[in-house]
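Visitor: Hi, can you walk me through this one? I'm new to looking at pockets.
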Amino acid sequence: MGLFILFEGVEGCGKSTQARALEKRLSKLGVPVIRVKEPGSTSIGRVARKLLKHRLEIEINPVTELLLFAVARSQLVAEIIRPALERDQIVICDRYSESTLAYQGYGRGVDLDTIHTINNIATGGLRPDLIILPDIDVHEGLKRKGAKQSTDRFEREEISFHHRVRQGYLDMSSAEPNRWLILDATQPRKKIGDSIWESIQQHLPIETLRCLDSQGTK
Ligand code: TYD
């Protein structure tokens with residue numbers, strides 16, 4: 001099995017930038033890696049994404065929202081993530097089940113046990129080996145995104161929603177500290193990238209580490 005690395009966080013925390021940087025760093029070294037994004041990365045996921053983010057004229061019930069994210073996730077796991085892990089690739093995923101717990105659970109108030117059940121059905125129980133959480137004050141994050149003029153359903157939510165989402169991430173990471181790496185997202189981008197790189201090396205398969213070592217790149 002390969003390695004499953006997840007990036008999570010509130011709006012504007014910089015996780016997608018870091019996910020891309022990590023993918024670039026690994027592929028430059030010849031490590032087989034793919035990066036996917038939720039919702040999206042499959043044709044079903046892209047349809048769900050459009051509905052969920054941009055069709056603001058449709059009032060989406062929170063449970064419907066939860067199920068639409070689950071539809072996208074189920075297809076992504078079956079079509080891309082599981083096969084890649086079986087080929088021993090490193091999978092970098094930009095949002096996954098933890099986003100549903102944070103946004104639909106903590107944010108919208110959908111029952112957390114229900115979400116765990118749905119997430120399990122969608123993923124067949126597949127969980128990430130490491131979750132990277134660049135953490136930032138929600139005002140700061142939204143400012144970075146210029147969310148005020150946004151046409152995105154989630155960025156437009158009231159500030160208290162984003163506070164609950166952030167609290168969700170902090171609760172989940174403190175319940176499973178070995179699986180999560182929390183970083184101060186206000187640090188310089190390169191410094192955050194270096195901390196991620198350091199932590200990744202503790203998770204890389206031994207053959208990959210040997211290979212990096214022989215290239216003098218570790
Ligand atoms: P995206 O453009 O991918 O934003 P980001 O750069 O913040 O990841 O938008 C995805 C949005 O969907 C984001 O606001 C979080 C939300 N979301 C959920 O509410 N639940 C979920 O399960 C997932 C995967 C995303």
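Guide: Sure! Let's start with the largest pocket, which has a volume of about 450 Å³. A pocket here is an open set of points on a 1 Å grid over the protein atoms alone, where a 1.4 Å probe fits, with protein on both sides within 12 Å along at least five of seven lines. The volume is the space filled by probe spheres set on the points, joined across faces, edges and corners. This is a predicted model: local features need pLDDT of at least 70, side-chain atom pairs count only at pLDDT 80 or more, and totals for linings use all residues. Residues are numbered from 1 along each chain, and side-chain values use heavy atoms, without hydrogens and water.

Visitor: Which residues are closest to the centre of the largest pocket?
Guide: Glu-11, Lys-15, Lys-37, Arg-95 and Lys-145, out of 25 that line the largest pocket. Lining residues have an atom within 4 Å of a point.

Visitor: And which elements give two or more residues to that lining?
Guide: H1, H2, H3, H4 and helix H6 (138-145). H4 gives the most, with four residues. Helices are DSSP runs (H or I, at least four residues), numbered from the N terminus.

Visitor: Where does the ligand sit?
Guide: In the largest pocket, meaning more than half of the ligand's atoms lie within 2 Å of the pocket's grid points.

Visitor: How many residues surround the ligand?
Guide: 16, and the closest are Glu-11, Lys-15, Lys-53, Arg-95 and Thr-100. To count, a residue needs a heavy atom within 4 Å of the ligand.

Visitor: What classes are in that shell?
Guide: Three nonpolar, four polar and nine charged residues. Asp, Glu, Lys and Arg count as charged, Ala, Val, Leu, Ile, Met, Phe, Trp, Tyr, Cys and Pro as nonpolar, and the others, Gly among them, as polar.

Visitor: How far is Glu-11's side chain from the ligand?
Guide: One of its polar atoms lies 2.7 Å from a ligand oxygen. Lys-15 has a side-chain N or O atom 2.7 Å from an oxygen of the ligand, and for Arg-73 that distance is 3.1 Å. Those are polar contacts (N or O pairs within 3.5 Å).

Visitor: How much of the ligand does the protein bury?
Guide: 95% of the 540 Å² that the ligand exposes when taken alone, using the Shrake-Rupley method with a 1.4 Å probe.

Visitor: New topic: what's the volume of the second largest pocket?
Guide: About 340 Å³. Its lining has ten nonpolar, six polar and three charged residues, and the largest share, five residues, comes from H5.

Notes
A polar contact is a pair of N or O atoms within 3.5 Å; within protein, one must be able to donate a hydrogen and the other to accept it, and residues adjacent in sequence count only if both atoms are side-chain atoms.
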